[in-house]
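Work through the exercises below with the sequence and the model open. Each task is followed by a stepwise solution.

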Amino acid sequence: MLDILLPYWGDPELLRAAVRSVLAQTDPDWRLVVVDDHYPDEAVGPWVEGLGDPRVHYVRNETNLGITDNYRRCLDLTTADWMVFFGCDDLMLPHYVETVHRAIATAPDEVDIVQPGVVIVDEHGAPSTPLVDRAKRRLFAPRVEQPLVLGGEELAASLLRGNWLYWPSLAFRADRLRKHDFLDDFPLIQDLAVIVDMILTGSRMLVLPEVCFAYRRHSASASSATVTDGGRFARERAYFDLAGQRCATAGMPRAARAARRHTASRLYAASVLPTALRARSWPAVRSLGRHVLQP
């Protein structure tokens, strides 16, 4: 059984497409829980409950918890051994659950995270190759032609140099994930933070070549909205300082150096700096420039 927890806040039509992609899975051994973070439009609840599928459940938070606390809520609602934080605007390709089940059935016991192959789509569902994803694949992600197990300092340093994972596509061993709380004050980088914490305590990751997930990249995302004003990068600097300290304490000096350098984050800031300059947004220019140049 795979628990699919879907923290919801956003476009109801994209949510419906996401849910339909779960219903279309070739492997029926899953449970889906839509966790509505008190979105103002209440139409989604009746729609989900009207599907009439006993594997599909709907929960509405009494108040808006925010990204971090809604992730905690999702984890609390997990009952299966393995779970997914499915994005409310993403899509599972029909063989996603089948692929993940096959992977975890043959994975070594120390594997607590599975990263399947991912394709990028835009807000209309069309294939897309944005700069950030081209950079992820060409500069930072490992080349995978067959299932590959990674862990230890090698994996921690790789992710802190450039986070090449796609959080909504990841499958987690729930009991290992529960040992690591999400960090407050880092809502847009908490996915990397909790994964690094897992790696520092011995968790390993299985990376699959099979593409079975569609990650939606569009300008309306929460992460994109904080890029050009520089706010995202100020919080990232604070996290990388913390990660460097934790890696050093864990006896992983190469990972600590990768955190201090945070290469991909600085390159990303450099790529949006011209936009801030054209807009004459001087506070954003100063914030971005500091992130790019500060050692």
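The exercises concern a predicted model, first the whole chain and then two histidines.

**Exercise 1.** Find whether the radius of gyration of the protein chain agrees with that of a compact globule.

Solution.
1. The protein chain has 295 residues, for which a compact globule would have a radius of gyration near 19 Å.
2. The chain has 19 Å, so the value agrees with the globule rule.
3. The C-alpha trace spans about 55 × 45 × 35 Å along its principal axes.

**Exercise 2.** Describe the fold, burial and charge of the protein chain in numbers.

Solution.
1. Count the elements: 13 helices and nine strands.
2. Take the contacts between residues at least 6 apart in sequence; 81% of these join residues at least 24 apart.
3. Of the 295 residues, 53% are buried.
4. The accessible surface is about 13400 Å², and carbon and sulfur atoms account for 53% of this area.
5. Side chains carry charge as 34 positive and 37 negative, with the centres of the two sets 10 Å apart.

**Exercise 3.** For His 38 and His 262, state the phi angle, the location and the exposure class.

Solution.
1. His 38 has a positive phi, near 60 degrees, although the residue is not glycine.
2. His 38 sits in the loop that runs between strand E2 (30-36) and helix H2 (44-49).
3. The relative accessible area of His 38 is 31%; partly exposed covers values between 20% and 50%, so His 38 is partly exposed.
4. His 262, also not a glycine, has a positive phi near 30 degrees.
5. The loop between helix H11 (253-261) and helix H12 (263-278) holds His 262.
6. The relative accessibility of His 262 is 5%, and buried means under 20%, so His 262 is buried.

Definitions and conventions
Residues are numbered from 1 along each chain as its sequence is written. This is a predicted model: local features need pLDDT of at least 70, side-chain atom pairs count only at pLDDT 80 or more; totals for chains, interfaces and linings use all residues. Side-chain values use heavy atoms; hydrogens and water are left out. Helices (H or I, at least four residues) and strands (E, at least two) are DSSP runs, numbered from the N terminus. The radius of gyration is taken over C-alpha atoms; the globule rule is 2.2 Å times the number of residues to the power 0.38. Buried means under 20% relative accessible area, exposed over 50%, partly exposed in between (1.4 Å probe, protein chains only). Contact means heavy atoms within 4.5 Å. Accessible areas come from the Shrake-Rupley method with a 1.4 Å probe; for residues, only the protein chains shown count as cover. Lys and Arg count as positive and Asp and Glu as negative; His and the chain ends are not counted. The place of a charge is taken as NZ of Lys, CZ of Arg, CG of Asp or CD of Glu.
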